[in-house]
Amino acid sequence: MGWLDSLRGVAALVVVLDHSSRAFMPGFRQEVMPEFDLGRYGIMVFFLVSGYIIPASLERRGCVRTFWIGRVFRMYPLWAVAVGAVLALDFLGVAELRAGVGREDLVTSTVAHVTLLQELLGTPSVLLVLWTLSYEMAFYLLVVALFTVRLQHRSATVAVTLAVLAVVSVVVSTAMGGMLPASALSGAVGTGRLVVIVSVVLALAVGCASAGSPVLRVAGGVLGGVAALVLVVFNGTVPVWEGLVILSVMFLGTAVHRAENGESSRWCAVGTAAVVLGCAVGSAYGYGDDAHFTRRGWILAFLLAVLTFGVGLASRHRRVPRLLIGLGVISYSVYLVHPVLLAVTDGTIGRWRRDVPVLEVAFFAVLLPLCVLTHRYIEAPGQAWGRGLARRVRPGSHTTES
């Protein structure tokens, strides 16, 4: 699926440009961001790609246990290296942690990060980009929930429902005079207590959903799915409507995949896309502008992300340049390594008040070869270990769970 790799590659580069422009191209960023949110464009492309391929991966395996093993060995090795690197750089005085990080109890913060749900647990991410992994994790839990109750083919219905709920959340917040505060649930019960509760729930959900007993699988799947929805709605750091739109967009990707594989009609996918786009745009417009958000910038980025995905899908049978495929292969490294490298540049050469295109180009010139190395020596071995373990623990009697 070279076209998916090419989309990932483009999305990763745009996210890097969004973050690195803060340091090296502040004038460019100041002009562009109100009109076009680079970061949101990149992550929405990522979310569409994840929605397209992740549920298919689970259903192809037909086994929740091997699905989670695959996700763990895909995500955690590089995640651990990137987080460890930025902590080491902070300890050595080469770089500083993000503002707000480190205010919580060390154990609480560590446990929250290990769950990958830290952004939904009231714990600031050590690396800014890790917030999207929290929403990815919530999506995985929902996908597993639908799979265990045999409703995985209702992707379009789920996407539409989440999109409509996003609009409802904006309407309700407008009527009540304001949105829920960020991390509202953490504020109500305490961050530490919430981290402990969710960690236990997550362990039970994953363990039971991976079990051999059909009853335990359903119980674990439902438990994880409910926990994910509760956290996204009541404890996200992005507004409720945007959290729901993110999940809706991922399920839209799944609905498109099903239509492409003949599991549903293409008109169903088109109708789903129309509803999701309409609700997302309407939610952003109703939310309005604030100091850190311009609705026109978000809306344009969102629409262009969907258009980019559509162009990639329409061109999927064409030959994809190897360079784009290569960028897609290392896109996870690009995504996680670039904030570490930015922490180094911030702590050494600092941020510039004027545009310095040469430094921007130099940053990419250092980053991309570094990511080739991290992919080859960290990501690829991790994935290989995951595949080997999955083959050994795959329960032959449960390969037809779906």
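**Salt bridges, helices and surface of the predicted model**

Glu260 has a relative accessibility of 23% and therefore counts as partly exposed. The model described here is predicted. The side chain of Glu260 meets that of Arg266 in a salt bridge, with N and O 3.7 Å apart. Arg266 is exposed, because its relative accessibility is 53%, over the 50% cut-off. A network is formed by Glu59, Arg258 and Glu263, which are joined by salt bridges that share partners. In total, the structure holds 10 salt bridges.

Helix 1 covers residues 2-24. One salt bridge involving this helix links Arg8 to Asp5. The closest N and O atoms of Arg8 and Asp5 are 2.7 Å apart. Both residues belong to helix 1. They are three residues apart, which is about one turn of the helix. Arg8 is partly exposed, because its relative accessibility is 24%. Asp5 has 16%, under the 20% cut-off, so Asp5 counts as buried.

A further salt bridge joins the side chains of Arg29 and Asp18, at 2.5 Å from N to O. Asp18 lies in helix 1 and Arg29 in helix 2 (residues 26-32), so this pair ties together parts that are 11 residues apart in sequence. Arg29 and Asp18 are both buried.

Ser20 is also placed in helix 1. Its relative accessibility is 0%, so Ser20 counts as buried. Which residues does Ser20 touch, not counting those up to four places away in sequence? The contacts are Met25, Leu342, Glu360, Phe363 and Phe364. One of these, Leu342, has a residue number that falls within helix 15 (residues 331-348).

Helix 15 has 18 residues. At 1.5 Å a residue, helix 15 should span 26 Å. Its end C-alpha atoms are 26 Å apart, so the expected span and the model agree. Where does helix 15 bend? The bend is at Val337 and amounts to about 30°. A proline, Pro339, follows within four residues. Helix 15 is mostly covered, with 14 of its 18 residues buried. After helix 15 comes Gly350, which has a positive phi near 75°.

Positive phi values also appear in residues other than glycine. Arg150 has a phi near 60°. This residue is found in the loop between helix 6 (130-148) and helix 7. Arg150 is exposed, because its relative accessible area is 55%. Ser183 is not a glycine either, and its phi is positive, about 55°. The loop that holds Ser183 runs between helix 7 and helix 8. Is Ser183 buried or exposed? At 15% relative accessibility, Ser183 counts as buried.

The loop between helix 7 (155-176) and helix 8 (184-189) is also the place of Leu180. Leu180 has a relative accessibility of 45%, so it counts as partly exposed. Leu180 belongs to a nonpolar patch on the surface. The other members of the patch are Val149, Leu151, Val218, Val222, Val226, Val230 and Phe234. Together, the residues of the patch have about 580 Å² of accessible area.

Notes
Residues numbered from 1 in each chain as written. Predicted model: local features only at pLDDT ≥ 70, side-chain atom pairs only at ≥ 80, totals over all residues. Heavy atoms only, no water. Helix = DSSP H or I, 4+ residues; strand = E, 2+ residues; numbered from the N terminus. Buried < 20%, exposed > 50% of the residue type's maximum accessible area, 1.4 Å probe, protein only. Contact = heavy atoms within 4.5 Å. Patch = residues over 30% accessible without salt bridge, like charges linked within 9 Å, V, L, I, M, F, W, Y side chains within 5 Å. Areas by Shrake-Rupley, 256 points an atom, 1.4 Å probe, with all protein chains shown as cover. Salt bridge = Lys/Arg side-chain N within 4 Å of Asp/Glu carboxyl O. Expected span 1.5 Å × (residues − 1). Bend = angle between axes of the 7 residues up to and from the residue.
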